[in-house]
Amino acid sequence: MKAVLKDREAHAFADLSRDQLLAVHRCMLLSRKLDDKEIQLKGQSQIFFQISGAGHEAVLVAAGVTLKPAYDWFFPYYRDRALCLQIGITPYEMLLAAVGAKDDPASGGRQMPSHWGHPKYNVVSGSSPTGTQVLHAVGAAEAGVIYSRVPQIPDRASRYHDDEITYVSLGEGATSEGEFWEALNVACTKHLPVLFLIEDNGYAISVPVEVQTPGGDISRIVRGFPGLHVDSIDGTDFFDSLRAMREAAAYVRARKGPALVHARVIRPYSHSLSDDEKLYKPAAEREAEARRDPIARFSEFLKSNGVVTDDELATMAADVEREVNEAATKALAAAKPSKSSAELWVYSPDVDPTSTAFDTPARPEGKPDTMVEAINRTLKDEMARDPRIVVFGEDVADASKREALPLVKGKGGVFKLTHGLQRLYGDDRVFNSPLAEASIVGRGVGMATRKLKPVVEIQFFDYIWPAMMQIRDEMTMMRYRSGNTWSCPMVIRVPIGGYLRGGGPYHSQSGESIFAHCPGVRIAYPSTAVDAAGLLRTAIRCDDPVLFLEHKHLYRQTYNKGEYPGKDFTIPFGRASLRREGDHVLVVTWGALVQRSLLAAQQAEKDHISAAVLDLRTIVPYDWEAIASHVKRTNRVVIAHEDQVMCGFGGEIAARIAGELFEHLDAPVRRVGARNTPVAYHPDLEEAILPQSSDILKAIRDTARY
Ligand SMILES: Cc1ncc(C[n+]2csc(CCOP(=O)(O)OP(=O)(O)O)c2C)c(N)n1
């Protein structure tokens, strides 16, 4: 057999040499054999989950051949084994993930296998929710563009390439997720260098494509997106796939815009080992699919074109088998994660926002000003200090139209928190986003994995819910699920809360306890202007994702004004502030209830009850030591928060006090909070629903007199 094909023949084989053709075949085979091996190991209970890439191999090897590992960026989904092999992840590394080994580079035993991740090749940790990765890819692509446009970022040269591509793949079922459409929207609006690969195997578990997509053809639908290069191919045909991937990649590298390749593939091994496709796929359909098996097709092609003989293929198959078996033996013997490591990597091991390093003195300047001013100045100062900070969200820019900017005062957020930032730092660092909350957080995640520092705004807490998947399953888990290989430190600023007299159910919500239930996020909730400045600076400089809750009602009060505490003022997280001394009852509180508790404590004084008021300032972590030391002194405690009593964060604190400080208590722990209803529009109803000073006063009196 010739070592290199003659020119004319090579052209017929897409300019691939014989060795390259054989390598393509070997990679496909290796991918399939690894699936087979995992299926065997699962049957023996040596691994705990299996999902295969079978039937998808041809288009994935074509993608792997076309793209550049450690240069381009990769957000592959669980069927992308062949791509990952092609770009450098080894069978041994894949099997380390299957056995859940300590040194599995994807997750260190924290995620199911086929949830790819590898820092060496720019493969960013992927998760299980279908479609979330698409927004991360958009953010990562955007990060490359931002690095190319912000010369002040000191090490930017090592962080991007002018013609890099961000690859992201997903199944046709996942294109039904809103996040897919949000991603396409942003990628096309901003002409981002993203290559979307839709691997359409006709089914999402048992749901056929015609139920997912009108007309059953996703590429037909997306052809209307301006600037999007669209191709539709048979993804079981390696050469068609290679042509399509090369054309798409060339389009993206030339910065003409994003590209989408829709590849029709097959799924011969059912959805996963938990699924049996015979239950919903008739035999004739399965047989027709089998005839399109990409590996069989490619080997037939090689044989019929005289590139390889049956014997050579058999030798290759035996060699692949040997490699897989050796890798499996080694992986099975690999060290498992120790039970004592279960809590590692929830938070950054490098930067501790509770440490004394964040305990810096205030250097007050100017006259007392509002929380709005404090936050705005902090953002301005931090953006000057760190050019990696980008600010985006709905309405946060001064004016998106450049030509309008010199003519207008600027919007700068519906509450004016970001006013003037775009004018100061330009529209590569401060920009409006489409009205799509998942995209705001998801893009932030993608940018942060590439070491930008997104400080995004969700316009109202009431509308954070479309981003919940991105917050709960992505932002907060990235570090943990990747075994500390990937992280996405970013800040989400969110105006929260009620007492607006007319805010109604959708401009008054609280709900910090919902996020406190998500391991991996920090939550700050300042009640004064000075605290807002200090806590926001800590949030930005910290290495973890932070939910920064800003109470709308506190933005412009006079009672919480303060002098700006200077460019370097930080407050450690988990450090409560005693707002009022008192000996008889402790009120633990935060946010808008701090002032209401102070008023209640003043009133209680008239009854000779001395109530202390402790402002937690951060919810995660919260200052248990301060709570405990004051409870041990007062022996009586009230917990007051704006959120509903039912499942409010006070429940957590009350349970802990009851569990750990029982013998110090002279009265039951009382909780004050909102009624278990939405917050109604009419001010009388709002007053009845949200906790008032009088409610806190009653709780203080009852507790003191118990
Ligand atoms: C958000 C979300 N919903 C449901 C699931 C459960 N689930 C896992 S895979 C899958 C089907 C995905 O189908 P498709 O996107 O076509 O990819 P395929 O598995 O067919 O390659 C479903 C429903 C999930 N992982 N995430």
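The ligand is surrounded by 17 residues (each with a heavy atom within 4 Å of it), and the closest are Tyr77, Tyr78, Arg79, Gly173 and Tyr203. This is a predicted model, in which local features need pLDDT of at least 70 and side-chain atom pairs count only at pLDDT 80 or more, while totals for chains, interfaces and linings use all residues. Residues are numbered from 1 along each chain as its sequence is written, and side-chain values use heavy atoms, with hydrogens and water left out.

The shell around the ligand comprises eight nonpolar, six polar and three charged residues; Ala, Val, Leu, Ile, Met, Phe, Trp, Tyr, Cys and Pro count as nonpolar, Asp, Glu, Lys and Arg as charged, and the others, Gly among them, as polar. A polar backbone atom of Gly173 lies 2.8 Å from an oxygen atom of the ligand, and a backbone N or O atom of Tyr203 is 2.7 Å from a ligand oxygen atom. A nitrogen atom of the ligand is 3.1 Å from a backbone N or O atom of Thr130. Of the 580 Å² of accessible area that the ligand has on its own, the protein covers 74% (Shrake-Rupley method, 1.4 Å probe).

Helix 6 (residues 132-149) packs with helix 7 (residues 178-189) at an angle of about 20°, their axes being 7 Å apart. Helices are DSSP runs (H or I, at least four residues) numbered from the N terminus; axes are lines fitted to C-alpha atoms over the stretch in contact, and angles run from 0 to 180 degrees between N-to-C directions. Helix 6 and helix 7 are therefore roughly parallel (angles under 35 degrees).

How values were computed: Polar contact = N/O pair within 3.5 Å; in protein donor to acceptor, adjacent residues only side chain to side chain. Helix = DSSP H or I, 4+ residues; strand = E, 2+ residues; numbered from the N terminus. Parallel < 35°, antiparallel > 145°, perpendicular 65-115°, else oblique.
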